[in-house]
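Hi,

Here is the structure I promised to pass on. Have a look at it first, and my notes follow underneath.

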Amino acid sequence: MLKLAIMGAMREEIEPILKHFSDIKVNEYANNKYYEFKYDNLEIILAYSKIGKVNASLTASVLIEKFKCNVLLFTGVAGAINPDLKIGDLLIANKLCQHDIDITAFGHPYGYIPEGKVFIETSKILRDLAFHIASENNIKLSLASIATGDQFINSNTQKDFIKNTFRADALEMEGASVALVCDALDVPFLVLRSISDTANMDAGFDFDEFLKSSSKTSANFILHMIDKLKNFTSIEDK
Ligand code: 4EZ
């Protein structure tokens with residue numbers, strides 16, 4: 001039996017999903033609200049973590065350890081690094097890293113913590129499922145390497161550092177921390193993001209302007225995924 005966790009960072013990012021369902025039970029836990037509902041065979045728990053890596057790892061851990069979710073989908077918006085990515089474009093992460101880890105003073109590469117790894121990969125089964133859904137519905141979906149850090153990036157200098165150091169295509173503030181939790185606890189996960197800005201000097205304005213529409217693009221894709229997953233008894237089903 002699948003118990004599906006869906007999370008975003010901000011209310012706006014999960015709102016289109018929340019609005020879509022009824023009979024929702026609200027669980028309050030660890031300074032947050034966890035929205036629980038059923039959809040066919042699926043039990044779903046939805047939450048927004050609040051912004052940043054620490055909040056996101058707390059929420060992912062609670063979804064898995066307290067609410068016993070065994071698959072996790074993250075939805076939201078991101079800043080583009082790759083010039084091929086335009087505002088509104090939809091992407092899924094193949095791998096994620098933390099761009100703000102720096103213990104290079106000890107000879108370690110950027111993004112690396114001893115006994116860890118710089119990049120964490122998402123579930124291949126969920127990626128394949130996402131591309132299958134995209135082609136079925138004529139939705140353009142790109143595979144992207146995502147860099148995560150506790151900063152809203154709005155300058156070419158910061159963006160170029162992340163681009164050159166990690167070869168990432170997009171950046172945001174939660175994905176890699178959710179990846180770390182899911183990887184450690186052996187829960188298959190996927191990170192979906194739609195571009196809200198290009199992380200340059202206009203990023204603040206663009207983000208405000210496109211948060212709602214890009215959140216909807218990502219959330220709508222999650223609804224397609226829910227629709228497919230409802231027929232699954234395990235994530236291995238095809
Ligand atoms: C973080 N999220 C932004 C939260 C912004 C404002 C109150 C995604 C994101 C992002 N993160 C979109 N564009 C970004 C950028 N340029 N830098 C970092 O996950 C909160």
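Let's start with S49, keeping in mind that this is a predicted model. Leaving out residues up to four places away in sequence, S49 touches M7, G8, A9, N32, N55, A56 and T59. S49 sits in the loop between strand 4 (42-48) and helix 2 (53-65). Is S49 buried or exposed? With a relative accessibility of 2%, S49 counts as buried.

M7, one of the residues that S49 touches, also turns up in the largest nonpolar core. That core has 38 residues, and M7, L63, L72, L96, V178 and F189 are the ones that touch the most other members. If you click on L96 and ignore its neighbours within four places in sequence, you'll find contacts with V118, F119, I120, T122, I146, T148, E172, G175, A176, A179, F189 and V191. Another core lies apart from the largest one; this other core has 33 residues, including I14, L46, A130 and M225.

You'll probably want to know about the cysteines too. How many disulfides are there? The count is zero, going by a cut-off of 2.5 Å between the two sulfur atoms. For C69, the closest cysteine sulfur is in C182, and at 9.8 Å that is too far for a bond. For C97, the closest cysteine sulfur is also in C182, 17 Å away, so a bond is ruled out there as well. C69 counts as buried at 3% relative accessibility, and C97 is buried too, with a relative accessible area of 1%.

Cheers

Technical notes:
Residues are numbered from 1 along each chain as its sequence is written. This is a predicted model: local features need pLDDT of at least 70, side-chain atom pairs count only at pLDDT 80 or more; totals for chains, interfaces and linings use all residues. Side-chain values use heavy atoms; hydrogens and water are left out. A nonpolar core is a set of buried Ala, Val, Leu, Ile, Met, Phe, Trp, Tyr and Cys residues joined through side-chain atoms within 4.5 Å. Buried means under 20% relative accessible area, exposed over 50%, partly exposed in between (1.4 Å probe, protein chains only). Contact means heavy atoms within 4.5 Å. Helices (H or I, at least four residues) and strands (E, at least two) are DSSP runs, numbered from the N terminus.
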